[in-house]
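Work through these exercises with the model open beside you. Try each task before reading its solution.

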Amino acid sequence: MTTPVWVPRKRRGAELFLTFLAVFIGIAAYASVGLGAEGTIPADTYKLGGALIVVAIATHLIVRRVAPYADPVLLPLVISLNGLGLAMIYRLDIGRQQIDPARAAFANSQLVWTAVGIAAFAGILIAVRDHRRLQTLTYTFGAAAIGLLILPLIPGVGQTINGARIWVVLFGFSFQPGEAAKVCLAIFFAGYLVVKRDALALAGRRIMGIDLPRGRDLGPILACWLISVGILVFQRDLGSSLLFFGLFVVMLYVSTERPGWIVVGGLLFGAGAYFGYAAFGHVRVRFDAWLDPFGDPDRNGQVINGLFGLAHGGILGQGLGQGSPQLTPYSFSDFIAASMGEELGLTGLMAILLIYGLIVERGLRIALTCRDAFGKLLAAGLAFSFALQVFVVVGGVTRLIPLTGLTTPFMAQGGSSVVMNWAIIGLLLRISDQTRRPAPEISTFDSNDETQVVKIS
Amino acid sequence: MSELTLTLIKLGFLAVLWLFVLSAVSVIRSDIFGTKAPSTPRPAKQKAPAKVGRTKARKPPRGNPTTLKIVDGPNAGQSVPLGDGPILLGRGTDAAIRLDDDYVSTRHARFATNGEQWFVEDLGSTNGTYLGSQRITTPIPIGLGIQVRLGKTIVELQK
């Protein structure tokens with residue numbers, strides 16, 4: 001055979017080393033926040049550090065046991081982002097309570113949500129032994145996505161916070177079901193497109209150089225997409241509708257290999273953006289804040305504060321705990337990228353963006369090496385939605401594009417976002433474990449046996 | 001806390017952050033440039049059958065396969081010539097051979113070639129595709145005379 005032999009390597013040792021480095025980054029950030037803001041290392045650093053180390057070792061052992069061939073760098077990258085985010089939220093708690101002691105502290109609840117997220121991550125790795133089993137639940141996930149999106153509109157359950165009706169309050173916990181709907185939709189799109197991609201790409205009429213598929217092939221996916229985007233527009237959640245739309249276009253493109261979909265998607269997006277600008281006042285406010293923030297400093301104070309913060313940070317930053325990122329509204333969630341930029345500077349923000357880039361690279365790499373079409377599409381969709389989310393939120397904060405409310409994955413304060421992003425990483429690790437696992441041994445067997453003991457792994 | 005100490009902590013933290021990013025990149029590097037083939041391909045694989053003590057039933061015949069034949073099961077004796085395209089097996093109408101086997105899924109497994117090697121891939125069937133006692137989860141290269149089991153049906157590549 002001339003084809004190069006694939007050597008399966010686990011690289012779990014490398015993962016352990018990187019995980020320890022990531023945990024160290026988290027603890028060091030927490031300690032230096034205390035040193036910078038209050039002059040002492042926070043009293044509970046040892047407690048927090050111990051908890052982080054225990055959690056890191058536990059996740060490492062779980063991965064070693066149930067997904068031994070999974071990608072070795074994804075987990076440490078995610079742990080480092082989560083640790084940095086926790087330290088920054090703690091820092092902003094200190095800063096905001098200096099302004100007004102009555103303001104809520106988020107660090108503890110974020111820590112609890114991180115623990116829930118890691119539990120979800122472990123649960124997915126243990127429960128989903130083969131990601132292709134998810135393919136049999138294609139339509140279940142499609143229905144679940146729509147159900148989750150409708151949930152906030154139900155009176156009594158849903159709640160409007162900051163002008164967007166995207167929250168569900170149950171038993172005192174508020175949750176954004178849109179985050180979970182994103183994962184469900186990705187699974188639905190992947191499962192549906194795998195079955196229908198040949199029909200979508202080949203059967204149909206060619207209009208203006210673009211092969212339009214038959215209505216019955218496109219129907220279900222278009223309906224699901226229209227419902228989800230429609231609900232989101234109705235709920236005034238612009239960021240998520242943009243994210244779902246991008247996810248939809250890219251998965252169509254990946255599955256059919258037709259660049260025409262990108263063109264169609266771009267045109268539809270342009271039309272949608274223009275319609276949004278013309279029809280909705282809150283879209284126009286965002287556009288104006290993007291094009292000319294200093295034209296109305298009172299209304300665009302948040303964007304302006306974020307820009308001032310980034311400028312204040314400069315190349316090397318003010319140092320953790322020594323800037324004043326707490327002056328920006330929502331500096332702990334939507335504007336956490338600007339807070340990071342102020343305290344860690346361009347150097348630190350670039351490192352963070354590179355970590356995001358590496359996570360996306362690993363996701364796309366998993367999609368490239370994955371041998372079954374469903375896993376390929378799912379990994380590509382999840383990685384792309386991650387990339388788009390980071391681009392939209394960081395681009396919005398740095399005034400590259402209009403600001404839309406999306407969470408910075410793993411860093412921003414917000415329980416649902418942290419939990420679902422950990423779940424996404426669990427799915428990606430599961431797919432990569434299947435992909436990198438060596439092929440089972442080939443042997444002949446006696447075919448005369450009517451029955452035989454079969455080991456199902 | 002003096003200004004100098006805080007600056008040193010700040011710079012040290014940024015250095016550790018970048019050290020982490022660069023070590024992650026160095027772990028990834030081997031993946032980006034592809035995995036290298038070892039000088040002795042898969043020693044573990046070759047040793048495994050001897051360790052179990054299983055005697056090989058027959059020498060694997062050499063040469064290129066030209067047909068896919070059903071050697072056991074309800075459709076035993078049927079065969080399909082191998083071309084360049086993939087061959088689909090299952091109970092559905094689009095399968096190359098329609099298998100009348102209740103334990104076979106509609107679209108059960110696919111045989112495909114890259115020009116020099118044939119592979120068998122399970123298409124998410126209910127009861128699975130087996131090589132020996134192993135349920136396959138990924139495309140597996142197969143040679144002449146290697147028996148693949150789908151439900152109660154056994155197929156193999158023949159000359």
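**Exercise 1. A helix and its buried side**

How many residues does helix α11 of chain A have, and how far does α11(A) reach from its first C-alpha to its last? Then find which residues of α11(A) are buried.

Solution. A note first: this is a predicted model.

Step 1. Helix α11 of chain A covers residues 301-313, which makes 13 residues. Its C-alpha span is 18 Å, close to the 18 Å expected at 1.5 Å a residue.

Step 2. Pick out the buried positions. A residue counts as buried if 20 or more other C-beta atoms lie within 10 Å of its own. In α11(A) these are A:Val303, A:Asn305, A:Gly306, A:Gly309, A:Leu310 and A:Gly313.

Step 3. Place them around the axis. They cover an arc of only 165°, so they fall on the same side of α11(A).

Step 4. Look at what covers them. The cover includes α10 (281-291), α12 (336-369) and α13 (373-397) of chain A.

Step 5. Step past the end of the helix. Just after α11(A), A:Gly314 has a positive phi of about 65°.

**Exercise 2. Two helices that pack**

Give the angle and the axis distance for the packing of α6(A) and α13(A). Then list the residues that make the contact.

Solution.

Step 1. Helix α6 of chain A spans residues 177-202. Its axis and that of α13(A) are 9 Å apart, at an angle of about 145°.

Step 2. Assign the handedness. The crossing of α6(A) and α13(A) is right-handed.

Step 3. Read off the contact. From α6(A) come A:Lys182, A:Ala186, A:Ile187, A:Phe189, A:Ala190, A:Gly191, A:Leu193 and A:Val194. From α13(A) come A:Ala373, A:Phe374, A:Leu377, A:Leu378, A:Gly381, A:Leu382 and A:Ser385.

**Exercise 3. Positive phi outside glycine**

A:Arg399 has a positive phi, and A:Phe410 does too. Is A:Arg399 buried or partly exposed? Decide the matter for A:Phe410 as well.

Solution.

Step 1. Locate A:Arg399. This residue is in the loop between α13 and α14 (415-436) of chain A. Its phi is near 65°.

Step 2. Count its neighbours. A:Arg399 has 17 other C-beta atoms within 10 Å, so it is partly exposed.

Step 3. Locate A:Phe410. The loop between α13 and α14 of chain A holds this residue. Its phi is about 70°, although it is not a glycine.

Step 4. Count again. A:Phe410 has 27 C-beta neighbours inside 10 Å, so it counts as buried.

**Exercise 4. The make-up of chain B**

State how many helices and strands chain B has, and in what order they run.

Solution.

Step 1. Chain B has two helices and 11 strands.

Step 2. From the N terminus on, the order is α-α-β-β-β-β-β-β-β-β-β-β-β.

Step 3. Of the 159 residues in chain B, 28% are buried.

Step 4. Take contacts between residues at least 6 apart in sequence. In chain B, 40% of them join residues at least 24 apart.

**Exercise 5. The mixed sheet**

Trace the five-stranded sheet of chain B and find its edges.

Solution.

Step 1. The strand order is β4-β3-β5-β6-β9 (chain B), in an open sheet with mixed pairing.

Step 2. The edges are β4 (97-98) and β9 (140-142) of chain B. Each has a single partner strand, so one side of each has no neighbour in the sheet.

Step 3. Check the pairs. Two bridges link β3(B) and β4(B), which run parallel. There B:Gly90 is the bridge partner of B:Arg98.

Step 4. Strands β3 (87-90) and β5 (109-113) of chain B are antiparallel, with three bridges. Here B:Ile87 partners B:Phe111.

Step 5. Strand β6 (118-122) of chain B joins β9(B) through three bridges, again antiparallel. B:Phe119 is paired with B:Pro141.

**Exercise 6. The antiparallel sheet**

Trace the six-stranded sheet of chain B and follow β11(B) on both sides.

Solution.

Step 1. The order is β2-β1-β11-β10-β7-β8 (chain B), in an open antiparallel sheet. The edge strands β2 (79-81) and β8 (134-135) of chain B each pair on one side only.

Step 2. Three bridges hold β10 (148-150) to β11 (153-158) of chain B. B:Leu150 stands opposite B:Thr153, and B:Val148 opposite B:Val155.

Step 3. Inspect the turn. The hairpin of β10(B) and β11(B) has two residues between the strands, and B:Gly151 takes a positive phi near 60°.

Step 4. Turn to β1 (67-72) of chain B, which joins β11(B) by five bridges. B:Asp72 has B:Ile154 as its bridge partner.

Technical notes:
Residues are numbered from 1 along each chain as its sequence is written. Chains are lettered from A and ligands numbered from 1 in the order in which they are written. This is a predicted model: local features need pLDDT of at least 70, side-chain atom pairs count only at pLDDT 80 or more; totals for chains, interfaces and linings use all residues. Two strands pair if DSSP finds at least two bridges between them. Helices (H or I, at least four residues) and strands (E, at least two) are DSSP runs, numbered from the N terminus. The expected span of a helix is 1.5 Å times one less than its number of residues. A residue is buried if 20 or more other C-beta atoms lie within 10 Å of its own, exposed if 12 or fewer, and partly exposed in between; C-beta atoms are placed from the backbone. The arc is that of the directions from the helix axis to the C-beta atoms. Two residues are in contact if their C-beta atoms, placed from the backbone, lie within 7 Å. Axes are lines fitted to C-alpha atoms, for helices over the stretch in contact, and angles run from 0 to 180 degrees between N-to-C directions. A crossing is left-handed if the near helix is turned anticlockwise from the far one by less than a right angle, and right-handed if clockwise.
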